[in-house]
Amino acid sequence: MNAADVMTRPVYSVEPSTTVRAASAVLVDHGFSALPVVGQGGLLVGIVSGSDLLLANLERGVATTVGQVMTTEVTSAPLTATPSELASAMLGNRLRCLPVADARGAVVGVVSRGDLLRVLTPDDDVLAARVDRLLTAYSRTRRWDVEVTGGRIVVTGQFDDEAERRVVTALVRTVPGVAGIELRPVPASTGIA
C-alpha cells in the first residue's frame, strides 16, 4: 500500500490568483483543513491553510489573494510513499494534510490524517466502535462489552429479558459489515468483568 491507495482525489486546489474569499468558501464547503496551491500544469507552488485564510479574513483588505497568504515551502509526498512514511512526514511537520505529487511535481491527491487513520485502523475495531456507540445510545449507558473478530460481533453483558436480546440483535444487524452476532449473557450478580 502506498500514497496512491490512501490519498483523496479528485484534488480540490486553488491558484495563487484565487481570492481569499473564494478559497475560504472551498474550505468551508468541503471541510478541508488546507488546500494545495497550484501553478501552470498543476504544479505544486504552495499550500494555504484554514489559519492562513482566517487571518486574511480578519485583516480585511491586507491580503486579497491566496498568493499573498500561502506557505511556499511545502512538504509533499510521492505516489510511492508508504503509510508510515506519510504519517512520519505529517507528524514530524505538524501537518493536517499532505499533498501527493507525481514525478513532475503535479498535485494528484491529498492525504489527510483521517485518510491515514482509516488505513491504519483495523476494520474490526471500526465495526466494534460503531456497534458500541449504537448500543450505548439505545440503553443510554454502557451496559455491554463488544468484541469483533472477522466481522462477527460478540455482545457480552446483562440483558433484561428475551425481548431486549431480540432488540439488541436487530440493532447490531443494522450496522454495515456485521457478518454475524452472538449474545453472551452474564448473570446479574456477576456484572461485566
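This passage describes the confidence of a predicted model and the two largest pockets found in it.

The structure is a predicted model. Its chain has a mean pLDDT of 91, and 97% of the residues reach 70 or more. Confidence varies between the elements of the chain: the lowest mean pLDDT, 87, belongs to helix 6 (residues 113–120), and the highest, 96, to strand 7 (residues 152–157).

The largest pocket encloses about 320 Å³ of space. Its lining is made up of 18 residues, and Ala34, Ile47, Ser49, Leu95 and Arg96 are the closest to the pocket centre. Three elements give two or more residues to this lining, namely strand 2 (44–49), helix 3 (50–58) and strand 4 (97–101). By residue class, the lining of the largest pocket contains seven nonpolar, six polar and five charged residues.

For the second largest pocket, the computed volume is about 180 Å³. Thirteen residues line this pocket, with Thr8, Phe32, Ala34, Val110 and Ser112 nearest its centre. At least two lining residues come from each of strand 1 (34–38) and strand 5 (107–112). Strand 1 provides the largest share of the lining, with three residues. The lining of the second largest pocket consists of nine nonpolar residues, three polar residues and one charged residue.

Ala34 appears in both descriptions: this residue is among the closest to the centre of the largest pocket, and it is also among those nearest the centre of the second largest pocket.

Note on methods:
Residues numbered from 1 in each chain as written. Predicted model: local features only at pLDDT ≥ 70, side-chain atom pairs only at ≥ 80, totals over all residues. Heavy atoms only, no water. 1 Å grid on protein atoms, 1.4 Å probe; cavity = no way out; pocket = protein on both sides within 12 Å on 5 of 7 lines; lining within 4 Å. Points joined across faces, edges and corners; volume = space filled by probe spheres on them. Helix = DSSP H or I, 4+ residues; strand = E, 2+ residues; numbered from the N terminus. Nonpolar A, V, L, I, M, F, W, Y, C, P; charged D, E, K, R; others polar. pLDDT = per-residue confidence, 0-100.
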